[in-house]
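Me: I am new to this structure and would like a close look at a single part of it. Please take one residue and its surroundings, and explain any terms as you go.

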Amino acid sequence: MKKLILTTIASLSLSATAVGAGHSTATLRAEYNYESAIPRTDTIRYISDRLALQIAPDESRCFSIKTAFFDSISATPGGPELIRQQVTDALNNSGGIKRDAQGNITEIKVDHGVLDNVPRRATTFNVYKSPLTGSITVIDMPGGPDNIYLRYTVPMDDLTWEAGDSTATILGYECQNATATYHGRRWTAWFAPDIPVSDGPWQLYGLPGLIMMAESDGGEYRFTITALYECNEPIIDIPGDPVIEDVDRKEFLRTASDIRRHPGKAFGITNTDSPCFHDLLETDYK
């Protein structure tokens, strides 16, 4: 497996196949378990998601596998109706929908466990890195009912690492640690020099080897690689031609933070304040 992957890495520097709207074909794919602290619990409890990192010679894309599946189904004819029916069936089968003698719904109790196998959005960020232009494009949703994607751009020179002297074995590769402060958070990452791809999950990049694991100080956010393999996958835009509006990065973060702390405001309820113990991935918007 390592030999195959190293052969693929060598080919990354040789050519790029353009596909879709100016994107390339990825020949290497990494998958990560992404853990984020639940905002409204004072102790750290995690929500987990699976991320994919598609790597091509001149760009990469990092995204949630579950959200991409949801967006793909939603973009097909009849897809939204199919998802709604699956949600209804799951709630009915679990007893989450209560009806009176006439069949009218009297109560809906959502147990998210019964919806695990129903297509739905999880992590919403899509991160496109472009070393040729020296920029990162982030497309994300701040939250709320509108489901509108917002887009901002980050220069790739915002992130500078300091190499450490600790080592660890991750997914069979010997890794070295490094630390950096990025957009308000301090990160410790572990990278594999034997995989000379200067990339990683989310917006993390810039080390002389693929980032295999990364954790923020305090442990509120954590990325851990679970798979690495050759592929032949087109890097694509978000399915369904969604509405995407361009915003300033800190404006996006302020909006996302406000919705997180006052979730009712997105629905016209102004007197809801929720305690928020854990902040966003980027915290330098204040």
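Reply: His278 is buried, because its relative accessible area is 6% and buried means under 20%, exposed over 50%, and partly exposed in between, with a 1.4 Å probe and protein chains only. This is a predicted model, in which local features need pLDDT of at least 70 and side-chain atom pairs count only at pLDDT 80 or more, while totals for chains, interfaces and linings use all residues. Residues are numbered from 1 along each chain as its sequence is written, and side-chain values use heavy atoms, with hydrogens and water left out.

Along the chain, His278 belongs to the segment after α4, where helices (H or I, at least four residues) and strands (E, at least two) are DSSP runs numbered from the N terminus. The side chain of His278 makes a polar contact with the side chain of Glu220, at 2.7 Å; such a contact is a pair of N or O atoms within 3.5 Å, and within protein one must be able to donate a hydrogen and the other to accept it, while residues adjacent in sequence count only if both atoms are side-chain atoms. A polar atom of the His278 side chain also lies 2.9 Å from the backbone oxygen of Thr41.

Contact in the wider sense means heavy atoms within 4.5 Å. Once its neighbours within four places in sequence are left aside, His278 is in contact with Ala37, Ile38, Pro39, Thr41, Asp42, Thr43 and Ile44, and also with Glu220 and Arg260. Glu220 and Thr41, already met through the side chain of His278, are thus both among these contacts.

Pro263 also lies in the segment after α4, a helix that spans 249-261. Whereas His278 is buried, Pro263 is partly exposed, with a relative accessible area of 28%. The C-alpha atoms of Pro263 and Asp273, which are 10 residues apart along the chain, are separated by 7.7 Å.

Two cysteines elsewhere can be set beside His278. Cys62 counts as buried at 0% relative accessibility, and Cys175 is buried as well, with a relative accessible area of 1%. A search of the whole structure finds zero disulfides, a disulfide being a pair of cysteine sulfur atoms within 2.5 Å.
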